[in-house]
Amino acid sequence: MKLTITPTKEDYYEVARLGVFENKKFKTSIWFQRLTLPIIAMLLTLLSKPIIPKNVIVAAAISVVWFFIIPYLTKRSMSKFLKKQFELKAVEKADFLTPYTIEDVEEGLLATQGDDKYKLLFDSASNIIMEDDYIYFLQQNVPFDFLIPSHAFETKEDFNNYKEHLDRRIQIELRK
């Protein structure tokens, strides 16, 4: 099956956002940020002599607000940063949004963009993201993003069938 894909900045932005927000290190960092201020605030309040109940209540209130606000602020600033980076990349690199074709080959996929060809081997992909609207393969040392958005297909059902097809092929390749 040969697919012709015309990517958009929004496609790349959404995949990057998913990749960052689902990353284990990012999630760990968010939890560390969430817990640091409340722990320090409560320790300072409880270690002070004499312990003033009003200070404990204020520290607890600030800690609760911080615990719920910091993930929102971090994700919002990261989203703005990613969006800005893709806007800059689209301006600086003219072929960034050039249409390309992807076709199945033995052990992976072959992408053709202009005169350039890029091969993805399923067993060497460092990251595979299959979401509701995107399929994304990241392979180290390959200067091409294997991104397959759902809008490249006629219907959502066709996209889901293709996802299942790729998933079966990936499982077969990984078992070899």
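This briefing walks through one helix, one strand, the salt bridges and a surface patch of the structure above. The model is a predicted one. Helix α1 is a good place to start, as it covers residues 9-21 and holds buried residues that pack against several other elements.

**Helix α1**
- With 13 residues, helix α1 reaches 18 Å from its first C-alpha to its last, which is close to the 18 Å expected at 1.5 Å a residue.
- Its buried residues are Asp-11, Tyr-12, Tyr-13, Val-15, Ala-16, Leu-18 and Phe-21.
- The buried residues of α1 have helices α2 and α3 (53-92) as packing partners, along with strands β2 (100-105), β5 (127-130), β6 (134-138) and β7 (146-149).

**Strand β1**
- Follow the side chains along β1 (residues 2-5) and you will see them alternate.
- Leu-3 and Ile-5 point to one face and are buried, whereas Lys-2 and Thr-4 point to the other face and are not buried.
- Strand β1 pairs with β2 in the antiparallel sense, over four bridges.
- In this pairing, look for Ile-5 opposite Tyr-100 of β2.

**Salt bridges**
- Side chains of opposite charge can pair when their charged atoms come close.
- The whole structure contains four salt bridges, and three of them are described here, starting with Glu-87 and Lys-9.
- In the Glu-87 and Lys-9 bridge, the closest N and O atoms are 3.2 Å apart.
- This pair links distant parts of the chain, with Glu-87 in helix α3 and Lys-9 in helix α1, 78 residues apart.
- Glu-87 counts as partly exposed at 37% relative accessibility, and Lys-9 is partly exposed too, at 25%.
- Glu-14 and Arg-17 form a salt bridge with an N to O distance of 2.9 Å.
- Both Glu-14 and Arg-17 sit in helix α1, three residues apart, which is about one turn of the helix.
- Glu-14 is partly exposed at 24% relative accessibility, and Arg-17 is partly exposed at 24%.
- Asp-133 bridges to Lys-156, where the closest N and O atoms are 2.4 Å apart.
- That pair also links distant parts of the chain: Asp-133 lies in the loop between β5 and β6, and Lys-156 lies in helix α4 (residues 156-175), 23 residues apart.
- Asp-133 counts as partly exposed, at 37% relative accessibility, and Lys-156 does as well, at 37%.

**A nonpolar patch on the surface**
- Trp-31, Leu-35, Ile-39, Leu-43 and Leu-47 make up a nonpolar surface patch, with about 520 Å² of accessible area together.
- You can find Trp-31 in helix α2 (residues 24-47).
- Trp-31 is partly exposed, at a relative accessible area of 44%.

Methods: Residues numbered from 1 in each chain as written. Predicted model: local features only at pLDDT ≥ 70, side-chain atom pairs only at ≥ 80, totals over all residues. Heavy atoms only, no water. Patch = residues over 30% accessible without salt bridge, like charges linked within 9 Å, V, L, I, M, F, W, Y side chains within 5 Å. Areas by Shrake-Rupley, 256 points an atom, 1.4 Å probe, with all protein chains shown as cover. Salt bridge = Lys/Arg side-chain N within 4 Å of Asp/Glu carboxyl O. Helix = DSSP H or I, 4+ residues; strand = E, 2+ residues; numbered from the N terminus. Buried < 20%, exposed > 50% of the residue type's maximum accessible area, 1.4 Å probe, protein only. Expected span 1.5 Å × (residues − 1). Contact = heavy atoms within 4.5 Å. Pairing = 2+ DSSP bridges.
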